[in-house]
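Welcome! Here is a short guided tour for someone meeting this protein for the first time. Take a look at the sequence and the fold, and then read on.

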Amino acid sequence: MVEVTSDHRSKCKYSKCKKILKLGDLRVGKIPPRARSLPGQGKRVHWYHCKCIFASFDKVAKKTKCIDTVADVEGIEALGDFDG
């Protein structure tokens with residue numbers, strides 16, 4: 001999923017970054033496998049800077065779903081012409 005950061009509470013989950021996602025920045029989120037498998041749990045999302053999400057794909061297992069096309073990104077159509 002992708003959206004514009006609306007607060008100053010999120011930190012990038014990429015191990016080499018960990019910086020706060022600034023208000024108005026574009027952020028990309030991944031729902032961790034455990035959070036997807038637990039019914040009734042709130043939606044837990046790990047947020048990343050755009051550059052950091054792609055760098056994080058270098059260290060994932062081969063079966064892990066990665067972003068291959070724009071259609072793989074939930075919420076991309078809601079951004080319209082993002083100019084951030």
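Two strands count as paired if DSSP finds at least two bridges between them. With that in mind, look at Lys 30, which stands opposite His 46 in S3. Please remember throughout that this is a predicted model.

**The overall plan**

The protein has three helices and three strands. Followed along the sequence, these elements appear in the pattern β-β-α-β-α-α. The three strands form an open sheet in the order S1-S2-S3, with antiparallel pairing. S1 and strand S3 (46-49) are the edge strands, each pairing on one side only. From one strand to the next, the twist averages 40 degrees. S2 and S3 run antiparallel and are joined by four bridges.

**A closer look at Lys 30**

Lys 30 belongs to strand S2. Is this residue buried or exposed? Neither label fits, because Lys 30 has a relative accessible area of 26% and is therefore partly exposed. Which residues does Lys 30 touch, leaving out those up to four places away in sequence? They are Arg 44, Val 45, His 46, Tyr 48, Ile 53, Ser 56 and Phe 57. For Lys 30 and Arg 44, which are 14 residues apart along the chain, the C-alpha atoms are separated by 8.6 Å.

**Charged pairs**

How many salt bridges does a search of the whole structure find? There are two, and the table sets them out.

| Salt bridge | Closest N and O atoms |
|---|---|
| Glu 3 with Arg 27 | 2.4 Å |
| Arg 9 with Asp 7 | 3.2 Å |

The salt bridge between Glu 3 and Arg 27 deserves a second look. Glu 3 lies in strand S1 (residues 2-4) and Arg 27 in strand S2 (residues 26-30), so the pair ties together parts that are 24 residues apart in sequence. Glu 3 counts as partly exposed because its relative accessibility is 28%. Arg 27, at 5% relative accessibility, counts as buried. In the other salt bridge, Arg 9 counts as exposed, with a relative accessibility of 73%.

**Inside and outside**

In soluble globular proteins, nonpolar side chains tend to be buried together. Here the largest nonpolar core has 11 residues in all: Val 2, Cys 12, Tyr 14, Val 28, Tyr 48, Cys 52, Ile 53, Phe 57, Cys 66, Val 73 and Leu 79. Two of these names, Tyr 48 and Ile 53, may sound familiar, as they are among the residues that Lys 30 touches. Another core member, Cys 66, is in contact with Phe 57, Val 60 and Asp 72, leaving aside its neighbours within four places in sequence.

Across the protein, buried residues make up 30% of the 84 residues. The accessible surface comes to about 6,400 Å², and carbon and sulfur atoms account for 53% of that surface. What share of the contacts between residues at least 6 apart in sequence join residues at least 24 apart? That share is 47%.

**One last stop: Lys 18**

Lys 18 lies in the loop between S1 and S2. Although Lys 18 is not a glycine, this residue has a positive phi of about 60 degrees. Lys 18 is partly exposed, with a relative accessible area of 45%.

Methods
Residues numbered from 1 in each chain as written. Predicted model: local features only at pLDDT ≥ 70, side-chain atom pairs only at ≥ 80, totals over all residues. Heavy atoms only, no water. Salt bridge = Lys/Arg side-chain N within 4 Å of Asp/Glu carboxyl O. Helix = DSSP H or I, 4+ residues; strand = E, 2+ residues; numbered from the N terminus. Buried < 20%, exposed > 50% of the residue type's maximum accessible area, 1.4 Å probe, protein only. Contact = heavy atoms within 4.5 Å. Axes fitted to C-alpha atoms, helices over the stretch in contact; angles between N-to-C directions. Areas by Shrake-Rupley, 256 points an atom, 1.4 Å probe, with all protein chains shown as cover. Core = buried A, V, L, I, M, F, W, Y, C linked by side-chain atoms within 4.5 Å.
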